[in-house]
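Q: Could you take me on a close look at a single residue of this model, and then show me what surrounds it in the wider structure?

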Amino acid sequence: MPSSTQIPYRKSSWWKLNQQRLTPWIFLFPGLVLFLVYVIWPIFNSLYISLLQWDGLSPAIYVGFSNYIELLDDEYFYISLINNIKWLIFFMLAVPIGLGLAIFLNQTIFGIRLIKSLFFFPFVISQVVIGIIFAWFYNPRGVIGPFLEAIGLGNYAILADEDFATYGIIFAGIYPQIAYCMILYLTGLNNLNTDQIEAGRMDGAKGFSLFKNIILPQLRPATFLAIVVTVIGSLRSFDMVAIMTQGGPWGSTNVLAYYMFETALSEYGYRMGYGSAIAAVLFTIMMFYILFFIYRMYQSEKKGL
Amino acid sequence: MRKILATIIAVTSLGYSSAFAGTLVINTDLTDPAPKAAFEWAFNKFQEENPDVTIEVNNFDHEGYKQAIRNFLTTNPPDVFNWYAGNRMLPFVRAGLVEDVSDIWSDTGWVDGNLTEGMSHAKKPMTIGGKQWGIPYTYYQWGVYYRKDLFEANGISVPTTWDEFVAACATLKAAGITPITIGSKYLWTTAGVFDYLNLRTNGYEFHMALTKGEVPYTDPKVHAVFDKWDELVKPGYFLENHASLAWQEAIPPMVNGEAAMYVMGNFSVALFKEGGLTNDNLGFFQFPEITPGIPMAEEAPTDTMHIASGAKNKTDAKRFLIFLSRADVQEEMNKTLGQLPVNSGSKVDPDPFLEAGLNMLNNAYAMAQFYDRDAPAEMASEGMKGFQEYMVNPDRRDKILERLEKVRQRVYK
């Protein structure tokens, strides 16, 4: 067996020895390159730009932390931050409402598929379209204003009211988000373990206690996912604001993402440094949330769930 | 999107082809029907007169152009591009991206005729640091558009003084008509009102000083403007809920006869007429005098053509700019645009609004470019937010002006 004496010699080559360890990295390589170029590098570059005063054309001037110091004294920054919190809180309503709708639609009657798809429709159409339609609704000459006038409440334009305009936009933003949560729960409901429900029924659980103790725990993965996408959705609530009010009236509906765009990239903006400073703050907030999320995931995986 | 992609491809490929002599690359955002037609005519005419030149046009979408211009000027400059006068061109001039064309303007320069004579009134907005940076080819007037029939029915004649103007508002309000319509969702309409109140209360020099950041916003003269504004805002002479309306959405009330006046630019006439108004019931008058004796300056935003400093074919680019400044060319183009030629040697179509505008601007003491073109972008955006907030909450005036003063100190430092 002359050949067999040669094989161990070949196996001891560096490649053969490290093949197992190297292969995943080779497969990961293209993805990692893209991730570095399009995610990691822009993050650090933005952080660097936030230390500059730069209009994108003229030479940049290094100004240290003065953009951040200015941020601390910027009324619109605080308005945006508070609006972001409002978004975060009220956007969460999409989760229970979506759950309610999912349970309501989880029946087998004639035509339920059609009805389900109608309920899912808001998520399919573009956010831009929803924003425009809701802006028409709210327009004092649109639908709601004339209706209120007809029943004697006076014409009211929510998007022109600095105290409530944000809620008007959140309401429009929640509309597709509910559909998204609903579909997550519908798939969750499909995978319910019927044995457990049967067992629960036999033990006398019904109504709300059946729902709370048997069904809801089984929907935990769906709930988790719904909360995650809703939080992310609320933090990047940019499109609705851009379409419906452009941050107005007088900046009262700004959120961090839109304010960043307005200062750095809009027609009147081009303060790249200041915009990047806002981006850095938004990034920090998101980072805390994401770290918490990863920690939770790690913990539950350790428990073997 | 496909159009943008096509233009991007066109722009990148042109980087090579424009190296050949005789090719003139022009970047524009003139996608609306009227400007497009006007420029197509101009391009054809220019080529007819200069058969050795081939024109290559890259047309951008109007909104996209504001972003694209920053990219193409730095990375792949065309020979000629269109933009706006005043402070709007300042960042590009300061960054050295625009070619100095003072020689075209100077008497001994390129032109057969005398450009400075025909367009002297428009020279100021084209000047930065004592040099001229482009050629204006069209502008339009601002003023008060009103319903003639509503004025007649309420026994109001065209107001020429502030007291008459306020009295007219009071009469209209009493008759159940909204005196002044406005849609301030996109903010800039409020700046039109502010500019006119300021130009009439304090004059052109003060307007320029304020937009150049030389005067604090807490100055008594600024307060004087808001005192006048109070006389309109506090009795509720402006349309309700204007903060949620775009400027176009404020036109139906006037078309329906629910509102009587609109402080606007001449481009609104087309929409008024689309809504059903005619020359019989739609009229125009100059914004009335406030402080007697102050020379009447007007708002006349000017559209301009420039040469990029990185242009490959500067000779033909200058020929094109000179061509564009000619009285006959401006006359023909503005007939299609429905706007006013800048060259005072050009005539306009017999249209009551254009004639009124031409007459007003030719006699104007000076021409302001509009608050958001005279003031730097940052100041303008904060200022207009403040104007909108004031128009809804007039009692916040002091707070707003203090905030604007803070912005002024930061922007102009």
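A: Arg397(B) is partly exposed, because 19 other C-beta atoms lie within 10 Å; with C-beta atoms placed from the backbone, 20 or more would make a residue buried, 12 or fewer exposed, and anything in between partly exposed. This residue belongs to helix 19 (residues 397-411) of chain B, where helices (H or I, at least four residues) and strands (E, at least two) are DSSP runs numbered from the N terminus. Leaving aside neighbours within four places in sequence, Arg397(B) is in contact with Phe226(B) and Tyr390(B), a contact being two residues whose C-beta atoms, placed from the backbone, lie within 7 Å. Asp227(B) is 170 residues away from Arg397(B) in sequence, yet their C-alpha atoms are 9.9 Å apart in space.

A word on how to read all this. The model is predicted, so local features need pLDDT of at least 70 and side-chain atom pairs count only at pLDDT 80 or more, while totals for chains, interfaces and linings use all residues. Residues are numbered from 1 along each chain as its sequence is written, and chains are lettered from A and ligands numbered from 1 in the order in which they are written.

Chain B averages a pLDDT of 85, and 92% of its residues score at least 70; pLDDT is the predictor's confidence in each residue, from 0 to 100. Over residues 1-20 of chain B the pLDDT is below 50, and this stretch has 20 contacts in the model beyond near neighbours in sequence. For the complex, the predictor gives an ipTM of 0.71 and a pTM of 0.78.

Elsewhere in chain B, strand 3 (residues 80-84) is largely enclosed by the rest of the structure, because 4 of its 5 residues are buried. Strand 3 of chain B runs parallel to strand 1 (residues 23-28) of chain B, joined by 2 bridges; strands pair if DSSP finds at least two bridges between them. In this pairing, Asn27(B) stands opposite Phe81(B). Strand 3 of chain B also runs antiparallel to strand 12 (residues 302-307) of chain B, with 5 bridges, and there Asn82(B) has Met305(B) as its bridge partner.

Now to where the chains meet. The contact takes 23 residues from chain B and 22 residues from chain A. On the chain B side, helix 3 (62-75), helix 4 (90-94) and helix 18 (377-392) each give two or more residues, and helix 18 of chain B has the largest share, 8 residues. That side divides into 8 nonpolar, 5 polar and 10 charged residues; Ala, Val, Leu, Ile, Met, Phe, Trp, Tyr, Cys and Pro count as nonpolar, Asp, Glu, Lys and Arg as charged, and the others, Gly among them, as polar.

Finally, a look inside. Cys181(A) and Tyr185(A) touch the most other members of the largest nonpolar core, which has 170 residues; such a core is a set of buried Ala, Val, Leu, Ile, Met, Phe, Trp, Tyr and Cys residues joined through C-beta atoms within 7 Å. Helix 9 (residues 165-190) of chain A gives the most to this core, with 14 residues. Beyond its neighbours within four places in sequence, Cys181(A) has contacts including Ala94(A), Val95(A) and Thr230(A).
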